[in-house]
Every structure is written in C-alpha cells, then in structure tokens.
Amino acid sequence: MSVPKERPIDAVARRVGDPEERAKAAAFSVHLLTASGAGLAVLAALAAASGNWFWFWIWLGIALIVDGIDGPIARKLHVQKRLPNWSGDTLDQVIDYVTYVFLPALAVPWAGVVTGLWGAAAAGIIVVSSALYYADTRMKMPDNSFRGFPIVWNMVVFVLVALQVPEAISFGIIAALGVLTFLPVAFVHPVRVKRLRPLTLSVMLGWAITAGFVIANNMVATEWTWWALVITTVYLFSIGAYLQATNPKEIETDEDD
C-alpha cells in the first residue's frame, strides 16, 4: 500500500507550526526592519531633490530610530545564529552608509551648509573618509566604543543646519571630523558601552527630542533648543574621549553583552 504524498499546503502548514521555523521567520523580520532603512533613504532623497528639508530630516530621523532598535532586537532573537547565511552587519553597513553618510553629504551643498566648490569638497571629505572607515577592521574598541569619529554625519549636518553655523566654521568642523575618523579617539556607542549608559541614553533621548522640536519649527532653533543641541551634542561627541583619558584601561576591557 503506497503512502500518500504530502500536499504542498500540508508542508507549508507543518513548517508554519514548527517553533524553529517561526523563530527563523521572526529573525528574518529583523533583517526586513533594517532593510526598510533603504526605503526611508529613498523618501529622504526625494524630499531633498524637491527642497523639502522638513521631510528630509523626518525620514532620516525615522531611519535613525530604526537603526537604534534593530540591533538590540537582533541580539534578543539570536538572528546571527538562526540565519547564518544572512549578514546583518553587512546589511546594516549598507543602510548606514546611505543614511548616515551619503544623504547628509548631499545636504551639505544642497541645504547651504557649505556652498560652491568648498561645499563639494566638504561632501567629498564626508563620503571618502566614511568609506575608508567602514573598511577599518579596528572600528570597534573592546568596550564597544567606536575608534575614531563614527561617521554620524546625519547628526553633524543636522546640527550645523539647525544652529546656522557660518560656512567657514562648518567646513572646518567637517574637515576636523574627517581627520578624527582615522585617529584612535574613543566615541561612545550610546547603547552598547556600559559605562555611564543610563546618562548617555538620557542625553541621546534629550538630543532626539530637541531635534524634533527644531524640525517642527521648520529647522529654526529657538534659544532653548539652540543651547540644548549644543550641550547634548558636545556631551555625545566628547564623553568617549573623556572616559578614554581618565580610564584608558577600561576602554580596553571587553564589555560585550
């Protein structure tokens, strides 16, 4: 007596009911979340092309939020273990280069941060130094700090626009950060560096809320948002170097979760 063949619909039902298959599906959904940043980048690019800087920063802000939550979710669901043939790190770097680097670089001359040939030079500094940074295998320090400026150009360009920094100073800041990309100076990862993590996360949240008020005010900083952006930005960009200078041995301690 022949055994009846399993129908395709039964095979699908069996796989759907398999806990491991459901876990893999959940893991892949994290990759989809990360990849959604590419769609957000397209929306930001279209907004920039039409000169709508309000929506440009809205879409990049949402992309920043997605980038902030996908990593912890991926580690919680053990995505790397369940989907070894898919590189979440590579996917993340592709999306980050577009949203953290390429689009903010275009905004430098297009939004008038630095105009003319100097604007093109500033954009060139951003994209070239960042491309080289991604190729550096020493990007992360043992405590999960970044080694060198971690190419968060979306934040930098946003602050330069919001604070209406003069062009010459803006170019100098961009050039200095381009150099800092290659120097062994620590910059904290707000989520993965344990030391002062509650304070750093609070400051990061404060920066994001302030940025939201600035965007809502059509990219014009009021007196309190101006000072809030300055204080939170200075903290986020300098606390890593402070910890490195005061506790150099702790920077070299593996604190991975």
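**Notebook: rings, helices and odd phis**

Started at Phe-213, which comes out partly exposed at a relative accessible area of 47%. My scale: buried is under 20% relative accessible area, exposed is over 50%, and partly exposed is in between, with a 1.4 Å probe and protein chains only.

**Ground rules.** This is a predicted model, so I took local features only at pLDDT of at least 70 and side-chain atom pairs only at pLDDT 80 or more, while totals for chains, interfaces and linings use all residues. Residues are numbered from 1 along each chain as its sequence is written, and side-chain values use heavy atoms, with hydrogens and water left out.

**Overall layout.** I counted 11 helices and 2 strands; both are DSSP runs numbered from the N terminus, helices being H or I with at least four residues and strands E with at least two. From the N terminus on, the order is α-α-α-α-α-α-β-α-α-β-α-α-α. Of the 257 residues, 39% are buried. I also looked at contacts (heavy atoms within 4.5 Å): among those between residues at least 6 apart in sequence, 77% join residues at least 24 apart. The accessible surface is about 14,000 Å², and carbon and sulfur atoms own 68% of that. Those areas are Shrake-Rupley with a 1.4 Å probe, and for residues only the protein chains shown count as cover.

**Aromatic pairs.** My rule: rings of Phe, Tyr and Trp (its six-membered ring) pair if their centres lie within 6.5 Å, with planes under 30 degrees apart stacked, over 60 edge-to-face and the rest tilted. That gives 14 aromatic pairs. I pulled up Phe-149 and Trp-153: centres 4.9 Å apart and planes at 75°, so edge-to-face. Phe-149 is buried at 0%, and Trp-153 is buried at 0% too.

Then back to Phe-213, whose partner is Trp-224; the ring centres are 5.3 Å apart and the planes at 75°, so I logged another edge-to-face pair. This one ties distant parts of the chain together, Phe-213 in helix α9 to Trp-224 in helix α10 (residues 223-246), 11 residues apart. Trp-224 is partly exposed at 47%.

I also noted one aromatic cluster, made of Trp-53, Phe-56, Trp-57, Phe-158 and Trp-207.

**α2 against α3.** How do helix α2 and helix α3 pack? Helix α2 (residues 19-49) and helix α3 (residues 53-76) meet at an angle of about 170°, with their axes 8 Å apart. The axes are lines fitted to C-alpha atoms, over the stretch in contact for helices, and angles run from 0 to 180 degrees between N-to-C directions. So α2 is roughly antiparallel to α3; under 35 degrees would be roughly parallel, over 145 is roughly antiparallel, 65 to 115 roughly perpendicular and the rest oblique. On the α2 side, the residues making the contact include Leu-33, Leu-40 and Leu-43, and on the α3 side they include Trp-53, Phe-56, Trp-59 and Asp-70. I sorted the contact residues into 18 nonpolar, 2 polar and 1 charged. Nonpolar here is Ala, Val, Leu, Ile, Met, Phe, Trp, Tyr, Cys and Pro, charged is Asp, Glu, Lys and Arg, and the others, Gly among them, are polar.

**Helix α7.** Is α7 mostly covered or mostly open? Mostly covered: 10 of its 10 residues are buried. Among them are Trp-153, Asn-154 and Phe-158. The cover includes α3, α5 (88-110), α6 (116-135), α8, α9 and α10.

**Positive phis.** Most residues other than glycine have a negative phi, so I checked for exceptions. Ile-151 is not a glycine but has a positive phi of about 50°. Ile-151 sits in the loop between β1 (146-147) and α7 (153-162), and is buried at 3%. Gln-164 follows just after α7 with a positive phi of about 55°, in the loop between α7 and α8 (167-180). Gln-164 is exposed at 58%.

**Leu-201.** Last lookup, in helix α9 (residues 197-216). Leu-201 is partly exposed at 36%. Leaving aside neighbours within four places in sequence, what does Leu-201 contact? Pro-190 and Val-191. The C-alpha atoms of Leu-201 and Pro-190 are 5.7 Å apart, with their positions 11 residues apart along the chain counted as the separation.
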